[in-house]
Amino acid sequence: MALKMTYNVDMCFCIDATGSMGPVISKVKENAISFYQDVTREMERKQKSLDHMRVRVIVFRDYVADEEPMMVSRFFDLPAQAVQFEACINSIEANGGGDEPEDGLEALAYAIRSDWTKEGTKRRNIIVVWTDASTHAIGYAKEQPKYPKGMPADFNELTKWWGDSQMEPYIKNAAKRLVLFAPDAPYWKQITSTWNNVIHYPSTAGKGLQEYTYKEIVDAICNSI
Amino acid sequence: MREINGYQLETELKTTNSGFSKWGFARKNNRSYFIKELIDPVYPVYEDLLDPATLAHKRKICQMFEDHNRLLYQCINNSSDGNLVHIEDFFRHGSHYYMVMEKVDAISLEEVRRITNEDKLRICKALVHCLGKLHQNGIVHADIKLDNILFRRLPSGKVTGKVIDFDNCFWEKQPPSPDEEIHGDLVYMAPETFVMMQMEEGTITRAIDVFALGILFHQIFTGRPPGFDASKFDYPFEAVLGGERLIVSPEIPDEWRQLIDRMLAGIPEKRIDLSEAEALLRGKSTKTEYGGQAAYLIPAGDL
């Protein structure tokens with residue numbers, strides 16, 4: 001038996017890259033890039049260690065209005081693949097979006113089905129969503145040619161994908177956390193009032209991720225270890 | 001500012017220094033309270049979004065949680081001699097559960113470091129006593145650490161400590177199953193907790209609190225955890241499992257050094273029980289050399 005505790009963190013950043021995110025996207029990108037260093041620095045301060053951290057990115061817009069409504073990356077190992085991760089983040093540009101609700105629920109569906117690590121004595125699987133918009137109902141754009149196969153049929157099915165203490169089809173209940181930086185609007189508020197292990201920081205359109213909120217998220221991740 | 005079930009929030013709930021639950025301060029009937037929003041389970045309130053089976057499934061989880069925790073919190077309150085923070089209220093408001101506790105005006109850790117040895121001894125004795133009471137009532141705290149002790153100055157000027165945060169508590173007769181992730185701080189983790197997590201077999205008992213308390217006492221006396229080879233290991237439990245004996249600092253008074261050493265025993269069965277620790281601190285032992293509980297018995301001599 002290995003005598004060392006291994007602590008592995010996988011993070012999935014879901015970033016709304018529609019036009020309205022223009023004023024805040026650079027701050028979101030800056031936060032995403034500095035996340036690894038900020039978490040490890042805080043862990044060291046608490047005399048704790050992190051063995052393995054991976055991050056993937058999902059960029060979402062609107063299946064009805066956009067040419068590239070959903071883009072996903074693989075997991076990047078940090079710090080080894082920090083350069084590639086940074087290039088990925090820096091390639092995100094805020095544009096498109098059409099009407100105000102975006103397709104954030106489909107982004108969450110992709111995030112939940114991430115290839116989460118099964119290694120490590122302790123694990124955290126964290127999804128962070130940055131958006132200033134409400135979402136369409138899941139499947140709103142299912143007639144669109146680019147709409148993917150295999151998406152949950154409705155909110156009920158997506159809720160089952162997220163799971164609970166007795167049902168964990170894709171993501172371990174003890175490991176999972178969902179951090180929403182999203183407005184108190186459909187379907188984010190329904191998620192907060194239905195799913196477990198969610199922390200919602202209500203955002204206001206046009207305002208970025210407040211510094212204290214970002215620190216709170218880093219703190220919360222380090223304290224949950 | 002928001003009101004939650006009659007509690008007027010003084011500050012918006014935040015996750016600062018918390019492992020993902022939100023907390024803040026609130027007032028009700030001219031008293032201030034500490035209020036905490038729990039993130040698991042969540043009671044589904046949007047009935048039209050879930051099918052009847054999913055809704056019933058989630059509400060059943062909530063009911064089980066509510067029944068379990070109501071009984072647990074009642075028993076914690078009954079165990080308290082004043083050194084376990086009092087749980088004033090537990091309720092569901094909308095989709096979330098909340099715990100309300102007495103507000104303790106704590107002194108800073110900087111100030112704690114400067115307290116007298118007499119205060120340190122009194123705090124440690126009080127912690128042995130109150131956790132011992134919790135154990136007698138069949139409850140394991142499971143998250144003993146410096147952050148979960150609030151130190152406060154009494155009107156007399158003396159300092160005392162109160163145990164907070166009962167999120168990880170469990171009934172010793174119903175321990176977490178081996179495949180469950182055990183929450184709790186790695187610095188204070190008992191070796192058997194790690195073994196259970198790694199091997200997905202075995203069990204944990206009140207002895208995990210004793211190990212954590214040993215680490216905590218060492219910090220109270222010296223400002224740091226007990227010593228081990230930090231070039232080989234990250235945490236005390238790793239050093240113990242690696243065959244090291246944790247080094248208890250000679251700065252600590254003799255009686256307490258020996259006690260802390262016994263609290264940090266690698267094998268849970270060999271770790272001192274808090275009832276025995278309390279008796280030792282009072283100057284009498286109820287335990288015989290061979291380790292069994294003795295009442296009116298002495299070791300038999302030659303015939």
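Helices are runs of at least four residues that DSSP assigns as H or I, numbered from the N terminus. With that in mind, one can follow helix α5(B), which is followed by Gly223(B), a residue whose phi is positive, near 90 degrees. The model described here is a predicted one, and this report looks mainly at chain B.

**Helix α5(B) and its partner**

Helix α5(B) has 16 residues, and the distance from its first C-alpha to its last is 23 Å, close to the 22 Å expected at 1.5 Å a residue. The helix is mostly covered, since 15 of its 16 residues are buried. One of the elements that packs with it is helix α3 of chain B, residues 117-136, whose axis is 10 Å from that of α5 (residues 207-222), at an angle of about 170 degrees. Because angles over 145 degrees count as roughly antiparallel, α3(B) is described as roughly antiparallel to α5(B).

The contact between these two helices is made, on the side of α3(B), by Lys120(B), Ile123(B), Cys124(B), Leu127(B) and Leu131(B), and on the side of α5(B) by Asp209(B), Leu213(B), Phe217(B), Ile220(B) and Phe221(B). Sorted by kind, the residues of this contact are eight nonpolar, no polar and two charged.

**Strands and sheets**

Chain B contains an open sheet of six strands with antiparallel pairing, in the order β1-β2-β3-β4-β6-β5. Strands β1 (3-4) and β5 (87-93) of chain B stand at the edges with a single partner strand each, so one side of each has no neighbour in the sheet. Within the sheet, strand β4 (residues 31-37) of chain B runs antiparallel to strand β6 (residues 96-102) of chain B, and five bridges join the two. Tyr33(B) has Glu102(B) in β6(B) as its bridge partner.

Another antiparallel pair is formed by strand β8 (residues 149-153) and strand β9 (residues 159-163) of chain B, which are joined by five bridges. In this pair, Arg152(B) stands opposite Thr160(B) of β9(B). The hairpin of β8(B) and β9(B) has five residues between its strands, and Gly157(B) in that hairpin takes a positive phi near 100 degrees.

**Backbone exceptions in the loops**

Most residues other than glycine have a negative phi, and most peptide bonds are trans. The table gathers places in the model that depart from these habits.

| Place | Feature | Value |
|---|---|---|
| Ala142(B) | positive phi | near 70 degrees |
| Asp165(B) | positive phi | near 65 degrees |
| Asp40(B) to Pro41(B) | cis peptide bond, omega | about 5 degrees |
| Pro186(A) to Tyr187(A) | cis peptide bond, omega | near -20 degrees |

Each of these places can also be put into its setting along the chain. Ala142(B) lies in the loop between β7 (139-140) and β8 of chain B, and it counts as buried because 24 other C-beta atoms are within 10 Å, where 20 or more are needed. Asp165(B), in turn, is found in the loop between β9 and β10 of chain B, and with 23 other C-beta atoms within 10 Å it is likewise buried. Pro41(B) has its place in the loop between β4 and α1 of chain B, while Tyr187(A) lies in the loop between β6 (176-182) and α5 (188-192) of chain A.

**A loop residue, Ile182(B)**

Is Ile182(B) buried or exposed? It has 22 C-beta neighbours inside 10 Å and therefore counts as buried, although Ile182(B) is found in a loop, the one between β10 (170-171) and α4 (191-199) of chain B. Leaving aside neighbours within four places in sequence, Ile182(B) is in contact with Pro176(B), Thr193(B) and Met197(B). Ile182(B) is also 8.8 Å from Ala142(B), C-alpha to C-alpha, although 40 residues separate the two in sequence.

**Where the chains meet**

How many residues of chain B are in contact with chain A? There are 36 of them, and they are in contact with 32 residues of chain A. On the side of chain B that touches chain A, the elements giving two or more residues are α1 (52-79), α4 and α6 (236-241) of chain B. Of these, α4(B) gives the largest share, four residues. By kind, the residues on this side of chain B divide into 17 nonpolar, 10 polar and nine charged.

How values were computed:
Residues are numbered from 1 along each chain as its sequence is written. Chains are lettered from A and ligands numbered from 1 in the order in which they are written. This is a predicted model: local features need pLDDT of at least 70, side-chain atom pairs count only at pLDDT 80 or more; totals for chains, interfaces and linings use all residues. A residue is buried if 20 or more other C-beta atoms lie within 10 Å of its own, exposed if 12 or fewer, and partly exposed in between; C-beta atoms are placed from the backbone. Two residues are in contact if their C-beta atoms, placed from the backbone, lie within 7 Å. Two strands pair if DSSP finds at least two bridges between them. Ala, Val, Leu, Ile, Met, Phe, Trp, Tyr, Cys and Pro count as nonpolar, Asp, Glu, Lys and Arg as charged, and the others, Gly among them, as polar. Axes are lines fitted to C-alpha atoms, for helices over the stretch in contact, and angles run from 0 to 180 degrees between N-to-C directions. Angles under 35 degrees count as roughly parallel, over 145 as roughly antiparallel, 65 to 115 as roughly perpendicular and the rest as oblique. The expected span of a helix is 1.5 Å times one less than its number of residues.
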